[in-house]
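Reader: Could you take me through one part of this model closely, beginning with a single aromatic residue and following the packing from there?

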Amino acid sequence: MRQVFIGWGVAVKRKVRKFMMRLTIYFPHPLLHVRTSHNVEGLLFIGNYSIIKKHYGGVFLMQKNSYKTYWNVKTLVFMALLVAMQLVLGRVLVIDLGPYRITVGSVCTILAGLWLGPVAGGVCGLCADVIGCFIKGYAVNPLITVAAIIWGVVPALIKPLYVNKGKTGKTVGICLSVVLTGILSSLICTTAGLVLILGYNFYAIMPGRLVQFVIMMPIYCVLTCLLYFSPVTSMVVGSVTPAVLSKKTV
């Protein structure tokens, strides 16, 4: 009787393995919005003893003893490139006037969130701020670090509201999300960090920061839209999705 149960278990195990090798999973992804041939929006995964780790804004898919990793190494490579670009723009090519810093480095974090999801955008902002502090010899300011994370998270969270619209609707959505993020990040969190931790006088620096905000926000919006609607977006999004998909929309 024991041998019968063992044989039955082995047969069931083989059938389960065979089924898993043919299993196709459509996992909805509201940020990438990849459309398959079956008109199902999401990412197409072919399972083979896969370990799926969910996170808000994307899916990490790792396969045991397999070279097919759709959201792992390539995503990290693009994140590292965006962090490096932000370090150059935010720590080298920058006009630093104490409480006023003229830079476009945050555009890299915004694009990381729009291209790779809010988690990736937040991680890019965090890494860029912490590494930049080490490079410049500053102490890490927690509120300014939170502000850097917000640049990557908020635009990506707002993206599902306009991603299905036309180019004009997407442009308006991106611009509004960038302005909202600037208010939360630059005017609120960064100013709070300068006042509460670095000791600046709120009434002394706030007028200048308002002028800086009015000048920089249009530049941020223009650069973000130009890069988002450029071929770079198709390259990044196409590189982190399976090659079996023929049609991709951003």
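Author: Happily! Let's begin at Tyr228, which counts as buried with a relative accessibility of 2%; buried means under 20% relative accessible area, exposed over 50% and partly exposed in between, with a 1.4 Å probe and protein chains only. Phe229, at 28% relative accessibility, counts as partly exposed.

A word on the basis of all this: the model is predicted, so local features need pLDDT of at least 70 and side-chain atom pairs count only at pLDDT 80 or more, while totals for chains, interfaces and linings use all residues. Residues are numbered from 1 along each chain as its sequence is written, and side-chain values use heavy atoms, with hydrogens and water left out.

Here is the wider setting. The protein has eight helices and six strands, where helices (H or I, at least four residues) and strands (E, at least two) are DSSP runs numbered from the N terminus. Starting at the N terminus, the order of elements is α-β-β-β-β-α-β-β-α-α-α-α-α-α. Of its 250 residues, 41% count as buried. Among contacts (heavy atoms within 4.5 Å) with a separation of 6 or more, 63% link residues 24 or more positions apart.

Back to the aromatic rings. Three aromatic pairs are found in the structure; rings of Phe, Tyr and Trp (its six-membered ring) pair if their centres lie within 6.5 Å, and planes under 30 degrees apart count as stacked, over 60 as edge-to-face and the rest as tilted. One of them joins Trp151 and Tyr220, with ring centres 5.4 Å apart and planes at 50°, so this pair is tilted. Because Trp151 belongs to helix α5 (residues 142-158) and Tyr220 to helix α7 (residues 202-228), the pair ties together parts 69 residues apart in sequence. Trp151 and Tyr220 are both buried. Our starting residue, Tyr228, pairs with Phe229 in an edge-to-face arrangement, 5.3 Å centre to centre with 80° between the planes.

Trp151 leads us on to Thr109, which sits in helix α3 (residues 106-116). The C-alpha atoms of Thr109 and Trp151 are 6.0 Å apart, although 42 residues separate them along the chain. Leaving aside residues up to four places away in sequence, Thr109 touches Gln86, Gly121, Gly125, Ala148, Trp151 and Gly152. Thr109 is buried, with a relative accessible area of 1%, and its helix follows suit: 11 of the 11 residues of α3 are buried, so α3 is largely enclosed by the rest of the structure. Just after α3, Gly117 has a positive phi of about 110°.

Helix α5 also holds Thr145, buried with a relative accessible area of 8%. Beyond residues up to four places away in sequence, Thr145 touches Leu126, Asp129 and Val140.

Asp129 takes us to another helix packing, since it is among the α4 residues that meet α2. Helix α2 (residues 73-92) and helix α4 (residues 118-136) have axes that come within 9 Å and cross at roughly 45°; axes are lines fitted to C-alpha atoms, for helices over the stretch in contact, and angles run from 0 to 180 degrees between N-to-C directions. That makes α2 oblique to α4, given that angles under 35 degrees count as roughly parallel, over 145 as roughly antiparallel, 65 to 115 as roughly perpendicular and the rest as oblique. On the α2 side, the contact uses Met79, Val83, Gln86, Leu87 and Arg91.

Finally, let's return to α7, the helix of Tyr220. Helix α6 (residues 167-196) and α7 have axes that come within 9 Å and cross at roughly 150°, which means that α6 is roughly antiparallel to α7. The residues of this contact divide into 18 nonpolar, six polar and one charged; Ala, Val, Leu, Ile, Met, Phe, Trp, Tyr, Cys and Pro count as nonpolar, Asp, Glu, Lys and Arg as charged, and the others, Gly among them, as polar. Arg209 lies in α7 and is buried, with a relative accessible area of 5%. Not counting residues up to four places away in sequence, Arg209 touches Pro99, Tyr100, Ser186, Leu187, Thr190, Thr191 and Leu194. Between Arg209 and Thr190, 19 residues apart along the chain, the C-alpha atoms are separated by 9.9 Å.
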